[in-house]
Amino acid sequence: DYIVVDTAHQVDDVLLAAVDMSDLLLIVTRPVIPEIRGARLFVELFRKLKYELAKLGLVINGVDTKRMGIQPEAIERAMMPAMIHIPYDERIALRAANYGEPLILKNARTPIGQAIINFATEIQKHFAQTIEDIGPMSEAQKRPGIGRLL
């Protein structure tokens with residue numbers, strides 16, 4: 001099971017508490033200067049606060065190498081390697097948003113659908129590696145309820 005928390009852009013006590021409790025923190029940016037600047041400032045803050053960089057993943061959304069002047073590789077050089085580049089497809093994304101349905105349901109074979117599937121695979125690999133690094137669970141960790149907390 002995964003818990004996904006979509007936070008606000010400002011850094012406050014609530015965001016830092018969520019970061020402290022998270023196993024993976026994804027920074028999502030698009031290839032536009034204001035968003036890149038904000039994402040880069042967050043990565044720098046993350047480093048200054050001495051958080052584990054392995055907990056951080058970069059997602060570059062809305063990548064359109066034909067029309068956009070800022071290439072994903074330039075963003076990666078400025079910050080860190082990206083976990084995934086999600087291609088720009090306004091038609092599919094807007095249709096999914098307007099109909100309130102996940103775009104993957106009807107568009108799994110499109111480039112944006114394939115990117116979402118690859119993204120899910122990368123997240124799964126990240127957690128599989130984390131579990132492998134930690135080792136087997138103790139009996140207390142396997143117990144439901146309060147036993148998992150102790």
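Glutamate 101 sits in between buried and exposed: its relative accessibility is 25%, so it counts as partly exposed. In this predicted model, glutamate 101 pairs with lysine 106 in a salt bridge, and the closest N and O atoms are 3.5 Å apart. Lysine 106 has a relative accessible area of 59%, so that end of the pair is exposed.

That pair belongs to a set of four salt bridges in the structure. Another one of them joins the side chains of glutamate 122 and lysine 125, with 3.4 Å from N to O. Both residues belong to helix H6, which covers residues 111–134, and because they are three residues apart there, about one helical turn separates them. Glutamate 122 comes out as partly exposed, because its relative accessible area is 29%.

Next, go back along the chain to glutamate 35, whose side chain meets that of arginine 30 in a salt bridge, at 2.6 Å from N to O. How exposed are the two partners? Glutamate 35 has 28% relative accessibility, so it counts as partly exposed. Arginine 30 lands in the partly exposed class too, because its value is 40%.

Glutamate 35 has a second role to look at, this time through its backbone. Its backbone oxygen is reached by the side chain of threonine 29, at 3.2 Å. Threonine 29 lies in strand S1, which runs over residues 25–29. Is threonine 29 buried or exposed? Its relative accessibility is just 1%, and the cut-off for buried is under 20%, so threonine 29 counts as buried. If you set aside the neighbours within four places in sequence, the contacts of threonine 29 include Glu35, Ile36 and Ala39, then Leu58, Val59, Ile60 and Asn61, and also Ile75 and Met79.

A little earlier in the sequence, serine 22 turns up in the loop between H1 and S1. With a relative accessible area of 17%, serine 22 is buried, because the cut-off is under 20%. A polar atom of its side chain lies 2.9 Å from the backbone oxygen of valine 19.

Valine 19 also takes us to the next stop, since Val19 is one of the residues lining the largest cavity. How many cavities of 30 Å³ or more does a search of the whole structure find? The answer is one, and the space in the largest cavity is about 30 Å³. Along with Val19, the lining is made up of Leu16, Phe42, Leu45, Phe46, Leu49 and Tyr51. The elements that give two or more residues to this lining are helix H1 (13–21) and helix H2 (33–48). H2 gives the most, with three residues. As for chemistry, the lining divides into seven nonpolar residues, with no polar and no charged ones.

Finally, zoom out to the whole chain. The secondary structure comes to seven helices and three strands, and along the sequence they follow the pattern α-β-α-β-α-β-α-α-α-α. The protein has 150 residues, of which 29% are buried. What share of the contacts between residues at least 6 apart in sequence joins residues at least 24 apart? That share is 62%.

Definitions and conventions
Residues numbered from 1 in each chain as written. Predicted model: local features only at pLDDT ≥ 70, side-chain atom pairs only at ≥ 80, totals over all residues. Heavy atoms only, no water. 1 Å grid on protein atoms, 1.4 Å probe; cavity = no way out; pocket = protein on both sides within 12 Å on 5 of 7 lines; lining within 4 Å. Points joined across faces, edges and corners; volume = space filled by probe spheres on them. Helix = DSSP H or I, 4+ residues; strand = E, 2+ residues; numbered from the N terminus. Nonpolar A, V, L, I, M, F, W, Y, C, P; charged D, E, K, R; others polar. Buried < 20%, exposed > 50% of the residue type's maximum accessible area, 1.4 Å probe, protein only. Polar contact = N/O pair within 3.5 Å; in protein donor to acceptor, adjacent residues only side chain to side chain. Contact = heavy atoms within 4.5 Å.
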